[in-house]
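Colleague: Please take me through the model below, one feature at a time.

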Amino acid sequence: MEHSVYQSAFDSLYIDFVIGVAVSLDVIALTFCSAHIYQSGYKTWLRWAKYNAGWHAGLLLFYLVAIDVFSVFAQFLGVVLALPLPDWLASLAPIWSWIGDRFRTHVIIYAAVIAMAYVWWKYSEKVVAVPTSPNIDEAPFFLKPIFRRFKAPSSSTESRWFWHLSACLVAIDMLALAAVVKSGEKLIQFPQGLSNFESSYSLLFEKIVTSANIDFLKATLTVTFAVFSVVFVLCFLSGYISNRFWNSVSSNGEDPLTSLQATLIVISLRLLEPLVIFYFIIHSLAFLVTGIPIHSPAFMLGSGLLVAALVNFVGLKAIIQSAAAQSQSRRDSLQLGEGN
Amino acid sequence: MNLSLDGGITFAIGAIMSALYIFSFFHKNNYLKEKFPQNPALGIVFAVSEKGRSFILQLLTRLYYRRGVSFLVLAAIIVATLSPVKALMEVEENVISKSCASLYDQRLLREGTSASECKYSAANEGISKNSLHFEETRSHFLQIALWPLATALYGWLLYIAVTFLRKNDEEPIDNAIEELPHLYHVLSILFIFLVCVVGLIQNGLGT
């Protein structure tokens, strides 16, 4: 049995860190607009960084494993569809053979295209969300009962569950990231050579056992660790920088221009994140087309076109309004603090 | 079976749309409604007719408003499909040019062969043109790209039609389509026709 050579553009630590930075942008925007965090000192920033890094890395690992399970399931389905039909169903053999052939030739492309469409869809929701007022309905379906059980959104902004919900909601795009990481290269890695379907269970078991090697585990843990460490560091730094920024503003007196500035920062961070992630989507699409992991400046154009489609879809007005609401919530929480 | 999966999906969409359109003929059939007011089977037909008609109108409205999104997604797919191939070919051409120039300088080429002839000959045998085996996958992507192409094309045609035919700019699109004589039928038939054409092209590419 011939296995494909282990190859992944995401093996490079450099790319792992770029992805880590990209997914931290929304955490930075959230920290920038959360007065109860950046005003509280470095112990709070460390705790906030721990929550965000934990949720990002945890959800990423969960989704990576979920996609691996799907990959194995698809392989088993490929074997089942390759089995000959019993004699009494012989008349259906041409249709059965057509379904099996089409499944084997299309499953990767369709899974990748669906995953990429889903990534785009998640960003269309995220780009207009207001994470400073977390909503349980935006959480992953399997976590909703837990957050409902602990009444996370109605808790105080200092409570553990409020923090968990806030951190979970900004990490919702980890499914997007896992899909991007898996869609191009790694979907083919586990089990190795998903494009080459096995014809029997024994060959498939052998392939799965060979695929689950130390290189695969190392690559998965590297990307998870890179995301954890980058989110942790950037989240902590964003607490410090936000504190310095808002302190310098309040000493000069906050004016309408400052609110506009804050809104523009939030909008920029919101649009920059999909721009980077969509670059990797285009990169994965290109990998599927050529079979070679290459990077090209033209992918930035493709990424820009997908962001333009996103803005066209949700409307620039909705993005501005949600960013303004996010930056406004900072002032509301400050006034509430003064009132108390 | 000589049918591609993408073509099959498109034909299935076309068949569903045709069925909904045919059912929607019963929408304003007052003669049948008055003659058989209690008939349960006709009741179901009228209900499906109403739903089918409102579904088609909703779809047309979405295609109208999402024409820009479809176009931009199509452009992104084209960039993703074409740019890596172009990038690979550029890299290869550079390597071939330099290799041929070096061979020419060292007089290792057959007498009378220039560096540009060497480059032309080598590029035609190059890996990007012959050995990448990306044609099949690219064909899949081209087939998938036909969907946003069709929706963008239809959305813009709809936009032009509605811009010229609508009397009041504030009027909702579905109202405008319903009120203008024959427009609903023209647009529905045009959509089904477009779906069939796309299905045939996809099938041609896939098989």
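Modeller: Helices are DSSP runs of H or I with at least four residues, strands are DSSP runs of E with at least two, and both are numbered from the N terminus. This is a predicted model, in which local features need pLDDT of at least 70 and side-chain atom pairs count only at pLDDT 80 or more, while totals for chains, interfaces and linings use all residues. Residues are numbered from 1 along each chain as its sequence is written, and chains are lettered from A and ligands numbered from 1 in the order in which they are written.

Colleague: In which helix does A:S248 lie?

Modeller: Residues 214-252 of chain A form one helix. A:S248 lies in that stretch, which is helix α9 of chain A.

Colleague: Does A:S248 count as buried or exposed?

Modeller: A residue is buried if 20 or more other C-beta atoms, placed from the backbone, lie within 10 Å of its own, exposed if 12 or fewer do, and partly exposed in between. A:S248 has 9 C-beta neighbours inside 10 Å, and therefore counts as exposed.

Colleague: What distance separates the C-alpha atoms of A:S248 and A:E206?

Modeller: Along the chain, A:S248 and A:E206 are 42 residues apart. In space, their C-alpha atoms are separated by 63 Å.

Colleague: How many helices does chain A have?

Modeller: Chain A has 340 residues, of which 41% count as buried. It has zero strands. Read along the sequence, its pattern is α-α-α-α-α-α-α-α-α-α-α-α, and the number of helices is twelve.

Colleague: How many helices does chain B have?

Modeller: Buried residues make up 29% of the 207 residues in chain B. Strands number zero in chain B, and helices number nine.

Colleague: What share of the contacts in chain A with a separation of 6 or more comes from residues 24 or more positions apart?

Modeller: Two residues are in contact if their C-beta atoms, placed from the backbone, lie within 7 Å. For chain B, the share due to residues 24 or more positions apart, among contacts with a separation of 6 or more, is 78%. For chain A, it is 82%.

Colleague: Which helix gives the most to the largest nonpolar core?

Modeller: A nonpolar core is a set of buried Ala, Val, Leu, Ile, Met, Phe, Trp, Tyr and Cys residues joined through C-beta atoms within 7 Å. The largest has 96 residues, and those with the most contacts inside it are A:V119, A:L177, A:V227, A:V231, A:I282 and B:A76. With 13 residues, the helix that gives the most, spanning residues 256-290 of chain A, is α10.

Colleague: Which residues does A:L177 touch, leaving aside those up to four places away in sequence?

Modeller: A:L177 is one of the residues with the most contacts inside the largest core. Not counting residues up to four places away in sequence, it touches A:I19, A:V23, A:L60 and A:I277.

Colleague: Which helix gives the most to the side of chain B that touches chain A?

Modeller: In this interface, 23 residues of chain B are in contact with 27 residues of chain A. Helices α4 (67-105) and α7 (135-165) of chain B each supply at least two residues of the side of chain B that touches chain A. With 14 residues, the helix that gives the most to that side is α4(B).

Colleague: How many charged residues does that side of chain B have?

Modeller: Ala, Val, Leu, Ile, Met, Phe, Trp, Tyr, Cys and Pro count as nonpolar, Asp, Glu, Lys and Arg as charged, and the others, Gly among them, as polar. The side of chain B that touches chain A has 17 nonpolar and five polar residues, and its charged residues number one.

Colleague: At what angle do helices α1 and α3 of chain B pack?

Modeller: Axes are lines fitted to C-alpha atoms, for helices over the stretch in contact, and angles run from 0 to 180 degrees between N-to-C directions. Helix α1 (residues 5-23) and helix α3 (residues 40-65) of chain B have their axes 8 Å apart and pack at an angle of about 120°.

Colleague: Which residues of α3(B) make the contact with α1(B)?

Modeller: On the side of α1(B), the contact is made by B:L20, B:Y21 and B:F23. On the side of α3(B), it is made by B:V48, B:S49, B:G52, B:F55 and B:I56.

Colleague: How far apart are the axes of helices α3 and α6 of chain A?

Modeller: Helix α3 (residues 42-82) and helix α6 (residues 160-170) of chain A pack at an angle of about 45°. The distance between their axes is 9 Å.
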